[in-house]
Amino acid sequence: MSSLTEKSDDERPGRDSEQTPLRVAWVAAEGTLERLSRIIEPLSIGLMDELIDVIGVCPDGADASCLPSPPMKIHRYLPLRWWRIGDGCIAGVSEKLRADKPSLVHALDGDSLKYARRLARRLGVPYAVSSYSLWDHRRLGTLRDRCAGVLAASEPIQRNLLRHRTASPEKIHLVRPGVYQMPHATCFTEDGRTTAIVAGGSMERFRDLSVLLECFAELHLRNYDCAFFIIGGGRIQRRLRKRVEELSLREVLTFADARPVSRLPGIFKAADIYIAVHSSHSLDTESLLAVSAGVPVLTSGSEASDFLVDGRTAMSFSLRDASGLTMKLAALLDDTDAARSLAESALSYLREYYQASRMVSDVARIYRGACG
């Protein structure tokens with residue numbers, strides 16, 4: 001297995017003769033592993049080179065394929081419900097973990113904290129928690145002595161945690177998610193090929209998606225050779241399909257299922273442009289994967305996602321302005337060199353700040369500091 005850290009054996013901190021192996025229990029809530037799989041996978045592999053043993057703790061039925069098992073050991077638990085909220089429901093997995101003797105429990109996101117904190121208390125060890133949302137200060141509350149660290153996925157999230165005093169300042173760390181990146185832009189690589197425009201993100205408001213459909217209809221009316229895809233659509237998909245019929249888009253628009261999330265890199269690899277429609281409170285992991293796949297991104301804005309920099313890593317637009325979105329999309333379709341240049345610039349930015357090896361190094365340092 002190749003190292004993510006790109007260092008020789010003598011240079012790796014994990015190979016230091018004075019370095020002792022650590023054992024950490026990763027706790028995931030329902031949906032955590034699926035949502036963060038493309039971030040968790042390179043991190044779990046990289047920590048092996050740091051002599052850190054990770055034990056997975058996830059709900060029954062969760063897809064844990066992003067965790068390399070073996071060698072990683074995985075324990076399953078019954079998700080917390082209102083009718084089984086006592087510590088008795090975690091007794092079984094806590095006893096299994098006690099035999100594994102972890103030095104730290106790490107909640108992989110804010111949703112996982114309730115379970116992780118109970119496990120840490122029963123095991124008598126500290127816990128850490130990763131934060132991917134500006135709303136996590138409400139979910140996490142005030143974290144006291146047993147909290148060893150909060151790992152904020154972006155600077156806006158870190159600032160928000162500091163502002164709300166979620167933990168003491170020295171415990172709130174900036175740890176940007178590490179993802180694998182394509183070496184070069186993958187968009188507009190074949191002349192004469194139908195352009196694939198993919199839209200995804202928060203598919204909850206019909207008004208926002210209706211703006212997208214109007215934009216697609218205008219491009220289709222102008223005879224641009226495009227195929228349009230919408231990832232998801234959820235409970236409003238029936239209304240969207242009706243609107244698709246009204247705009248005569250049925251032959252050129254497809255609704256795609258993003259589940260499992262492991263499908264997304266393949267979708268983005270085939271895409272030429274990605275349009276991000278999302279709520280602003282959470283880190284936009286879909287856009288992060290699109291950028292890492294070498295695709296230019298148009299974003300409606302995300303306060304939590306500081307990797308989306310207008311003009312450098314993405315192009316911003318307003319969901320209230322269908323004509324403005326149409327103009328920006330047409331500009332990329334007419335100037336494919338500019339589209340590829342935007343994608344290359346974004347990849348360069350990710351290589352500087354979002355390398356998987358960098359996340360591995362940051363997390364390993366926090367783990368060792370937390371365990372003394």
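In this predicted model, Leu-329 touches Ile-197, Cys-215, Phe-216, Leu-219, Ile-273, Ile-275 and Leu-298, leaving aside residues up to four places away in sequence. Leu-329 belongs to helix 11, which spans residues 322–334. With a relative accessible area of 0%, Leu-329 falls under the 20% limit and therefore counts as buried. One of its partners, Ile-273, stands 56 residues away in sequence, yet the two C-alpha atoms are 8.6 Å apart in space.

This contact can be set against the chain as a whole. The secondary structure amounts to 13 helices and 13 strands, and 53% of the 372 residues count as buried. Among contacts with a separation of 6 or more, 67% join residues 24 or more positions apart.

Helix 10, covering residues 285–292, offers a helpful view of burial at the level of a whole element. All 8 of its 8 residues are buried, so helix 10 is largely enclosed by the rest of the structure. The buried set consists of Thr-285, Glu-286, Ser-287, Leu-288, Leu-289, Ala-290, Val-291 and Ser-292. After helix 10 comes Gly-294, which has a positive phi, near 85°.

Attention now turns to the aromatic residues. Across the whole structure, a search finds 6 aromatic pairs. One of them joins Phe-307 and Tyr-354 in an edge-to-face arrangement, with 5.8 Å from centre to centre and 70° between the planes. This pair links distant parts of the chain, its members being 47 residues apart. Phe-307 sits in the loop between strand 12 (297–299) and strand 13 (315–316), while Tyr-354 sits in the loop between helix 12 (336–353) and helix 13. Both rings belong to buried residues: the relative accessible area is 1% for Phe-307 and 0% for Tyr-354. Ring pairs also draw these two into a cluster with Tyr-349 and Tyr-353.

A further point of interest is the empty space inside the model. Rolling a probe the size of a water molecule over the atoms reveals where such space is left. The structure contains 3 cavities of 30 Å³ or more, and the largest of them holds about 100 Å³ of space. Its lining is made up of 13 residues, with Leu-43, Leu-108, Ser-130, Tyr-132 and Met-359 lying nearest the centre. Two elements, helix 2 (37–49) and helix 13 (356–370), give two or more residues to this lining. The largest share, 3 residues, comes from helix 2. By residue class, the lining of the largest cavity comprises 11 nonpolar and 2 polar residues, and no charged ones.

Ser-130, named above among the residues nearest the centre of the largest cavity, also leads to His-106. The side chains of His-106 and Ser-130 make a polar contact at 2.8 Å. His-106 is part of strand 4, residues 104–107, and is buried because its relative accessible area is 2%, under the 20% limit. Setting aside residues up to four places away in sequence, His-106 touches Val-24, Ala-25, Trp-26 and Val-27, along with Ala-128, Val-129 and Ser-130. Leu-151 and Tyr-367 complete the list of residues touched by His-106.

Notes: Residues are numbered from 1 along each chain as its sequence is written. This is a predicted model: local features need pLDDT of at least 70, side-chain atom pairs count only at pLDDT 80 or more; totals for chains, interfaces and linings use all residues. Side-chain values use heavy atoms; hydrogens and water are left out. Helices (H or I, at least four residues) and strands (E, at least two) are DSSP runs, numbered from the N terminus. Buried means under 20% relative accessible area, exposed over 50%, partly exposed in between (1.4 Å probe, protein chains only). A polar contact is a pair of N or O atoms within 3.5 Å; within protein, one must be able to donate a hydrogen and the other to accept it, and residues adjacent in sequence count only if both atoms are side-chain atoms. Contact means heavy atoms within 4.5 Å. On a 1 Å grid over the protein atoms alone, a cavity is a set of points where a 1.4 Å probe fits but cannot get out, and a pocket is an open set with protein on both sides within 12 Å along at least five of seven lines; lining residues have an atom within 4 Å of a point. Grid points are joined across faces, edges and corners, and a volume is the space filled by probe spheres set on the points. Ala, Val, Leu, Ile, Met, Phe, Trp, Tyr, Cys and Pro count as nonpolar, Asp, Glu, Lys and Arg as charged, and the others, Gly among them, as polar. Rings of Phe, Tyr and Trp (its six-membered ring) pair if their centres lie within 6.5 Å; planes under 30 degrees apart count as stacked, over 60 as edge-to-face and the rest as tilted.
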